[in-house]
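Here is a quick tour of a chain for anyone who likes to think in atoms and cut-offs. Load it up and follow along.

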Amino acid sequence: MSAPRRRPFVRRLAGGVSLGLALLAAVPVGLALLYAVVPPPSTLMLARWLSGQPVTRVWTPLDRIAPSLQLAVVASEDSRFCQHHGVDWVEMRAAFSEVDEDGLPTRGASTITMQTVKNLMLWPGRSPLRKALEVPLAMVADAVWSKRRTLELYLNVAEWGDGVFGAEAAAQHYFGKSAARLTMAEAARLAAVLPNPHRYDAARPSRYVAARAGRIAARARRQALPCL
């Protein structure tokens, strides 16, 4: 007698869960659509504002960011940017084929699209869950944003120093000039510090940063961006 009475509850519960999952899935799609037309802050910028820490960011359209920086960042972070659809499965497979003694990948495979959705939609810090979420979010973003918009978003939310966000703020902070006037050498140094902008200084590069910047500049001169 009790089983028939439980069925409506189970159906309501299943319906509620399905609705919740649908709404949860709709949030990133909605954000991607919104960010296709408005200049968004990153979650790290929001966290700094909420904690009273300063944020420097001047939103700058892609056509006012030097091509040298566009090429240097793509050459450094995602050389197959124009070939993939948000996730570079070629690099992903290569990353997981190179593991350390604990079975963990020894190299990253985050595309610019994955890094952008991480900066805009996910929380700071490292965790397997956040990394796993980057993949479907990047595929959604790539379906909504053009490659040009993706790179524009990335270059405006990437952190280049303590509280320094975006290409324009970074160019002013390190070189005292606009992002439109960056040379290839300066752009390569900015790209070289992206993996750890709190440790490295583009204006006063260490030997490691200088060497890395030289390699990035060489690759950038061979890099093409037909998708822009």
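By about how many helical turns are Glu134 and Arg130 separated in helix H6? About one, because the two sit four residues apart in that helix. Before going further, note that this is a predicted model, where local features need pLDDT of at least 70, side-chain atom pairs count only at pLDDT 80 or more, and totals for chains, interfaces and linings use all residues. Residues are numbered from 1 along each chain as its sequence is written, and side-chain values use heavy atoms, with hydrogens and water left out.

**Salt bridges**

Glu134 and Arg130 also pair up in a salt bridge, meaning a side-chain nitrogen of Lys or Arg within 4 Å of a carboxyl oxygen of Asp or Glu. The structure holds eight of these. Side chains of opposite charge can pair when their charged atoms come close. Here are some of them:

| Pair | Closest N to O distance |
|---|---|
| Glu134 and Arg130 | 3.3 Å |
| Lys147 and Asp142 | 3.4 Å |
| Glu152 and Arg149 | 2.7 Å |

Glu134 is buried at 1% relative accessible area, where buried means under 20%, exposed over 50% and partly exposed in between (1.4 Å probe, protein chains only). Its partner Arg130 is buried too, at 9%. Add Lys131, and Arg130, Lys131 and Glu134 are linked in a salt-bridge network. Lys147 is buried at 13%, and so is Asp142 at 15%. Glu152 and Arg149 lie three residues apart in helix H7, about one turn; Glu152 is buried at 12%, and Arg149 has 12% as well.

**Overall layout**

The chain has ten helices and two strands, which are DSSP runs numbered from the N terminus (helices H or I, at least four residues; strands E, at least two). From the N terminus on, the order is α-α-α-α-α-α-α-β-β-α-α-α. Of the 228 residues, 44% count as buried. Among contacts (heavy atoms within 4.5 Å) between residues at least 6 apart in sequence, 68% join residues at least 24 apart.

**Cores**

The largest nonpolar core has 42 residues; such a core is a set of buried Ala, Val, Leu, Ile, Met, Phe, Trp, Tyr and Cys residues joined through side-chain atoms within 4.5 Å. Leu69, Val73, Leu155, Trp160, Leu182 and Leu190 touch the most other members. Two or more residues each come from H3, H7, H8, H9 and H10, with H9 giving the most, seven. Leaving out residues up to four places away in sequence, Leu155 touches several residues, including Leu62, Ile65, Leu69, Val73 and Trp160.

**The disulfide**

There is one disulfide, that is, a pair of cysteine sulfur atoms within 2.5 Å. Cys82 and Cys227 form it, with their sulfurs 1.9 Å apart. The S-S torsion is about -60°, so this disulfide is left-handed. It links distant parts of the chain: Cys82 is in the loop between helix H3 and helix H4, and Cys227 is in the segment after helix H10, 145 residues apart. Cys227 counts as partly exposed, at 26% relative accessibility.

**Two tryptophans**

Trp49 sits in helix H2 and is partly exposed at 45%. Beyond its neighbours within four places in sequence, Trp49 is in contact with Pro41 and Val55. Trp123 is in the loop between helix H5 and helix H6, and is partly exposed at 37%.
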